[in-house]
Amino acid sequence: MPPAENHIRNNMRIAKFLAALALAAALAVIVNTHQPFGSQLPALGPLFSPFTGFWQNAEPVATDGAWTPSFSALEAPVRVVFDERMVPHIFAENLSDAAFIQGYITARDRLWQMDFISRAAVGRISELIGERALEYDRRQRRKGMLVAAENALKGWSRSSEELALLQAYSDGVNAFTASLRPADYPLEFKLMGYAPEPWEPLKCAIFFKYMAESLCSRNDDIPASNTYELLGAELFEELFPEYNPKQSPVIPESVAWNFEKMPLEHQTAAPEPEMMSELIRHKQLPQPPDGIGSNNWAVAGSKTASGYPILCNDPHLGLRLPAIWYEVQLSVPGINAYGVSLPGIPGIIIGFNENIAWGVTNVGHDVLDWYKVKWADEEKNTYYYGGQTETVGRLVEVIKVRGREKPVLDTVKYTVWGPVVYEDDSLHQDMAMHWLALDVPAPKPFYEIGTFLRLMKGQGYEDYAAALRSYESPAQNFAFAGKSGDIAITVNGNLPLKRSEQGRFVQDGSDPENGWYGFIPRDQIPQVRNPERGFVSSANQNSTGPGYPYYYNGRFDNYRGRYINRRLEEMDSITVEDMMALQLDNYSILAEEGVPILLALLDSANSPLGNHPDVQALRQWDFRFEKDAKAPVLFDRWLKEARRSAFDELYTLEDSVEVIIPEPWLLLSLMGGQPGHAIFDMQGTTIRETAADVVRLALEKVMEEESPQDWSTYKNTQIGHLARIGAFSSGPIDVGGFGDAPNAIKEDHGPSWRMVVALGEPVQAFGVYPGGQSGNPGSPYYQSMIEQWTEGRYNPLFLMKGPGDRSHPVRYMAVFESGNR
């Protein structure tokens, strides 16, 4: 061995030892002070064994080109080039081989993450960690998460192309798992004391439904029904309007809807909310975090310095380790695409090739409705529907619990709407859930996996449009840019046909008229190609203005989209650096509009606090949520306290009954336009307060309490481990950002992938995510990009032209041989 190579290998051994030593210290702390999810940890002996314990996990399984496995499943050799960030660039002769190796490589880096999520999504955590997860598992079972995945797979299986890809990917995952000894298992398996399961196409579907749960399960039916009952129709409609008049929708309001609206069959007048004669006592299911969403946009060549379009995307999801995304390039005849995949699903979800780029954000339409079940017998065997009785289906859920000899059995009843999730004999308010993600997909040429496959091979707008037609759920805003000059955005997916206000409240499950009327025809969903303004964008705001012919409801952003559209309108001769700066922009229109209103009301109250140094600093603030700034801390605390004071009657009910609280934009609108409104009159006082009183009292309360001096400390952004193991988490990150700014970094949510793609000759792309390619806490590639992400730096994304391309640094190439040769 040459001296230089020997020196390198010695240094690697030393690094491995030091990494393992540090990991040992961390694990000792975990074993003695922390149990993930309250679980019982394995015995210390196996965990610390030098032969089977954590020492085996100090670095990735393979780090050089000597790694040349052979598989009979491959039809031809596959070459995988690993670049300096350990991104695999997969070159295969066919799609099946590419999917097999993608599964193999992804499992090599993310096996525990894949296995854990596939169990958690369908309610199988109790079998790993015991009683602490039982209620979570029961909830996932009652929602029908496994049924949703099984139904999705039924649809996907109609496409032989997609089923073959899912099977090849699964075979690759299993090939890697089969190569492991227990000593080689990822660390979390050892720490939690279990082994990986075989992968199968159903687990791919489970992972897809796990994302759907995060993106399209939000609903307000129960709290909205209660709030309607408490406030009455007039005040409810005033405090909860369905559209912000300042909104800047995804599809510009200048777009004409040149089609004839589909009539709703058997449409009747919109009924009053079904359960208004009583409050609903059920506790609402845990909801996805407020503000979960994303940004994407594409600017036309007429607005860029290069003359070619630029596409940008930064999906805002939970910040977790291992990271939710996995970078990859897939190259086969007819496809050469780069982007990010979801560990557990073949293909590329967000990415680009030499001709087009695409990115997605969440649509936010409400696709989950609740129905009160009217039982026809005391045993709950039958229920009323359409003037007749229907027999419920029964699914016995068998929940294994670690530490119990026998499993827990939970029988879930299924109606025409879906599972009876809420069932309590003492309340007499049993309710069934109809969720789009539970439906079996309709027959079609291809499905969601096929959508992304067609985007990967797309050459222009027509390919993009064709790829989207079969995508159903979760609905996404698909932004597009093509080298030929086209830009477009489509609010894409199955969007329910509803009458006005249908789905806002709990409905009568005995009336078939309360079901959806189908879906908005695909040629009538909101979309635009090459708009006059020279850009398309979305940030989870309303899909359209009020002029769109079809009704929809949901949760929508009110600030990011407005700011992004305003900035893109202002910009010209746009560069990649300009687009990066917009993704990293910490400016918020919420502060721009809110601060003057709060200060004006404070001044009208003649409060001496108006001269307080912190308030004076707020007067000079530029509305940017920078990490070292103090003003945003005061603004955030002040607005939240004022909101709590203004809607105190509703907040005081939260512990006893589910309610909804008016949004900040509505509060500011009332403060600025109706400061004497009755909602500002506070409980428990003898005087009638106005908005000025609420603002003054809120500031006085805030000033009485100590708070961190800078925004970063106050916000306390951290990237936690998926199993809540503190030693495998990031710890506090010193970073700015705000949920209502383009750079929407919050405590544990934010830009999970930033990508900027400049089409042209050649295509140039840049990206970063807060994590690393490896899921192994002992790997240098576990958190390798967090610092870059925090500082707003990007990596060049290397779309290799072939396995021999060395225009950017690479680490090594592995050749996977075909066992048939």
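Which residues of helix α13 (residues 461-468) are buried? The first legend answers this for the predicted model, and the others turn to further close-up views.

**View 1. The buried residues of helix α13 and their surroundings.** In helix α13, which covers residues 461-468, the buried residues are Tyr461, Tyr464, Ala467 and Leu468. Seen down the helix axis, these buried residues fall within an arc of 130°, so they line one face of α13. They pack against helix α12 and against three strands: β18 (476-482), β19 (487-492) and β21 (527-529).

**View 2. The packing of helix α7 with helix α12.** Helix α7 spans residues 160-178 and helix α12 spans residues 448-456. Their axes lie 9 Å apart and meet at an angle of about 90°. Because of this angle, α7 counts as roughly perpendicular to α12. On the α7 side the contact is made by Glu161, Glu162, Leu165 and Leu166. On the α12 side Glu448, Ile449, Gly450, Leu453 and Arg454 take part. By type, the residues of this contact divide into four nonpolar, four charged and one polar. Helix α12 also appears in View 1, where the buried residues of α13 pack against it.

**View 3. The hairpin of strands β7 and β8.** Strand β7 (residues 326-332) pairs with β8 in the antiparallel sense, over seven bridges. Within this pairing, leucine 330 stands opposite alanine 337 of β8. Two residues lie between the strands of the hairpin, and glycine 334 in the turn has a positive phi of about 90°.

**View 4. Strand β8 and its pairing with strand β9.** Strand β8 covers residues 335-341, and seven of its seven residues are buried, so the strand is largely enclosed by the rest of the structure. β8 and strand β9 (residues 350-352) run antiparallel and are joined by three bridges. Here tyrosine 338 stands opposite phenylalanine 352 of β9. β8 also pairs with β7, as in View 3.

**View 5. An open sheet of four strands.** Strands of a sheet pair through backbone hydrogen bonds, either parallel or antiparallel. In this sheet the order is β16-β17-β11-β20, and the pairing is mixed. β16 (420-422) and β20 (507-508) are the edge strands, each pairing on one side only. Strand β11 (residues 368-372) pairs with β20 in the parallel sense over two bridges. In that pairing, lysine 372 stands opposite aspartate 508 of β20.

Note on methods:
Residues numbered from 1 in each chain as written. Predicted model: local features only at pLDDT ≥ 70, side-chain atom pairs only at ≥ 80, totals over all residues. Heavy atoms only, no water. Axes fitted to C-alpha atoms, helices over the stretch in contact; angles between N-to-C directions. Parallel < 35°, antiparallel > 145°, perpendicular 65-115°, else oblique. Contact = heavy atoms within 4.5 Å. Nonpolar A, V, L, I, M, F, W, Y, C, P; charged D, E, K, R; others polar. Buried < 20%, exposed > 50% of the residue type's maximum accessible area, 1.4 Å probe, protein only. Pairing = 2+ DSSP bridges. Arc of directions from axis to C-beta.
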